[in-house]
Amino acid sequence: MSMMRFFTAPASSETDPPTASRETVAPGRNVRTTARLLLLTGALLAAWSTIAPGSVLAGSFRIYDHSASATGQASAFTAQADDASAGYYNPAGMTQLRGVQLSAGTTLIAGGFSFQNGAGTQANGDLRGSVAVPPPSNLYITANLKDLGIGSSDSTAVGLAVFSPFGTLTRWPDSSPFSTATTKAAFELIDIRPSIAFRPLPDLAIGLGADVYTFSGAFGEGQVERQFRWPGGLGIPAGTGMELNGRDTAAGWNASLLYTPLRNEDGKPLVNIGLIYRSQATLHLDGQLLAGGTHIADARTTFVVPQVLTGGIALWPVRNKEREWKLELDVDYTGWKSVRNLDSHLSNGITVATPANWISGYTVMIGTEHKWLNPASLPDWDIALRAGYWHSQKAIPDQTFNPAIPDGDNHAVSTGVGFMCRDNGRFLGVIPCGGASKLSPKGLGIDLAYQAILYESRTVAGNVNPTVNGTYRTTLHVGSLNLRVNF
């Protein structure tokens, strides 16, 4: 949604099965049985095609919000990247961090969707509840090698990030006009990212990392899944609950840089330029087709995690010992055009061609942060106020749109606060924020953010499944929380 920008695969008509490109029929099978098999395969795999990971939209189902400090700035954080969440936004930024830093957080998503077709029929959907569960979460650990006693230079850092890069949880009523296309959908992928960053030059940092995409039962059911209602026929009663699911593990890589052309007298950046490239990765989603909980066949589809290129520039008009004010502009490009089809393969040897033809697009993010350092009213604390805005383009064309992900152009408005205590401060008035021991934290912090994501009204026409045609409206509310510990 994008935060999550939804992900989905194209819809297909349940009444007009796709053409099988290859078929294997056991010797002796009669023509009638073969015809029934082809019809069943076509109808069911048409549905399977819609669960393959899709677009979170230029974001479609891609999640942009991976820490409350960034969410408060509409994720315009690529060039700032000055806390442990740099492990996602720009690993090269880890060279700005000292000691060992940890951050853990979660994102609560609420809101819903509405639909109305030309006949006036309406339906309302939600996130499988008032709040999506499980919520997308994140964990970051970074370490400066010199501070670990490894080497004499402070120019190298390592990190580990775990987060939910894509995802969707949607639910529509069984009585909706398009219930034979979708009733529920989930895509609960996680990314495990180890990375290293170093400075070959004083003002240039480079980061390199791997992205291991996988599914885990710790995050929901640990699979991609779509449910729908059978329209009737072929011996399966109308209204039978159908489910298609799958899972896989795949690897990609990322490379990033952070260039600082201007610093203040204390050596802190006044201008940062950040860039990160995330490569493609291919998931071969192996799963099952179920009818009323009964196994019908094994199924496989392939989804290409798109390449992503994000660049940003951050400026600090004010940066001194009392306060810091940052402005940042980021532009994100998601290469959804690599998802040209979501062809499905059934265990009986039949292949069903399913075009996708997604569209690559951009997201523009603008964010600001104003930070007070050790204010007189709250000594030993840093206090930050944040705000931001983004605009993102839709990725799924009308012809292959599926309500499993009500994708559309969207706008987001964010705000947030951050509190970090050090030295003689006490977190929550009880926990010391600093200490002389090497095991004592040197800082404890909390970040909070709220974001409203407003989707432009979208009217779908000419879809391959006519029941999907109509007008969709979506509004999402996002709340983010991160706890930080610096050693």
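In the predicted model described here, E328 and K326 are both buried. The two residues are joined by a salt bridge, in which the closest N and O atoms are 2.9 Å apart. Side chains of opposite charge can pair when their charged atoms come close, and in this structure 19 salt bridges were found.

Among these salt bridges is one between the side chains of R62 and D332, with a distance of 2.7 Å from N to O. Because R62 lies in the loop between α1 (31-49) and α2 (68-71), while D332 belongs to strand β17 (residues 323-334), this pair ties together parts of the chain that are 270 residues apart in sequence. Both partners count as buried, since buried means under 20% relative accessible area: the relative accessibility of R62 is 5%, and the relative accessible area of D332 is 1%. The charged end of R62 also sits over the ring of Y64, at 4.3 Å from the ring centre, and R62 is one of the residues that lie nearest the centre of the second largest cavity.

A further salt bridge is formed by the side chains of R300 and D286, with 2.6 Å between N and O. Here R300 is found in strand β15 and D286 in strand β14, so the parts that are tied together are 14 residues apart in sequence. R300 has a relative accessibility of 35% and therefore counts as partly exposed, and D286, with a relative accessibility of 35%, likewise counts as partly exposed. Salt bridges that share partners also occur, and they join R98, D147, D154 and R199 into one network.

Contacts between aromatic rings were examined next. The count comes to 19 aromatic pairs. One of them is formed by F115 and F178, whose rings are arranged edge-to-face, with 5.0 Å from centre to centre and an angle of 85° between the planes. This pair links distant parts of the chain, as F115 lies in strand β2 (residues 100-116) and F178 in the loop between β6 (169-171) and β7 (184-187), 63 residues apart. Both F115 and F178 are buried. Another edge-to-face pair consists of F187 and F215, with 5.8 Å between the ring centres and 75° between the planes. It too links distant parts of the chain, with F187 in strand β7 and F215 in strand β9 (residues 204-215), 28 residues apart. F187 is buried because its relative accessible area is 1%, and F215, at 11% relative accessibility, also counts as buried. Ring pairs further link F113, F115, W172, F178, F401 and Y472 into a cluster.

Buried nonpolar side chains were then grouped into cores. The largest nonpolar core contains 46 residues, of which F166, F187, L283, F303, W336, W358 and Y472 touch the most other members. At least two residues of this core are supplied by each of β2, β7, β9, β14 (281-291), β15 (294-305), β25 (443-455) and β27 (470-486). A second core, separate from the largest, consists of 8 residues, including A70, F77, A84 and Y140.

The remaining analysis concerned empty space. Rolling a probe the size of a water molecule over the atoms shows where empty space is left. The largest pocket has a volume of about 1,000 Å³, and of the 42 residues that line it, D82, Q96, L97, K268 and R319 are the closest to its centre. R319 also lies over the face of W316, at 4.5 Å from the ring centre. Several strands contribute to the lining of the largest pocket, with at least two residues from each of β9, β12 (250-263), β13 (269-278), β16 (308-319), β20 (361-373), β21 (381-392), β22 (410-421) and β27. The largest share of this lining, 4 residues, comes from β21.

In addition, the structure holds 5 cavities of 30 Å³ or more. The second largest cavity has a volume of about 90 Å³, and among the 14 residues that line it, those nearest its centre are R62, P165, F166, Y213 and R278. Two of these residues appear in the contacts described above: R62 is a partner of D332 in a salt bridge, and F166 is listed among the residues that touch the most other members of the largest nonpolar core.

Technical notes: Residues are numbered from 1 along each chain as its sequence is written. This is a predicted model: local features need pLDDT of at least 70, side-chain atom pairs count only at pLDDT 80 or more; totals for chains, interfaces and linings use all residues. Side-chain values use heavy atoms; hydrogens and water are left out. Rings of Phe, Tyr and Trp (its six-membered ring) pair if their centres lie within 6.5 Å; planes under 30 degrees apart count as stacked, over 60 as edge-to-face and the rest as tilted. Buried means under 20% relative accessible area, exposed over 50%, partly exposed in between (1.4 Å probe, protein chains only). A charge sits over a ring if NZ of Lys or CZ of Arg is within 6 Å of the ring centre and within 35 degrees of the ring normal. A nonpolar core is a set of buried Ala, Val, Leu, Ile, Met, Phe, Trp, Tyr and Cys residues joined through side-chain atoms within 4.5 Å. A salt bridge is a side-chain nitrogen of Lys or Arg within 4 Å of a carboxyl oxygen of Asp or Glu. On a 1 Å grid over the protein atoms alone, a cavity is a set of points where a 1.4 Å probe fits but cannot get out, and a pocket is an open set with protein on both sides within 12 Å along at least five of seven lines; lining residues have an atom within 4 Å of a point. Grid points are joined across faces, edges and corners, and a volume is the space filled by probe spheres set on the points.
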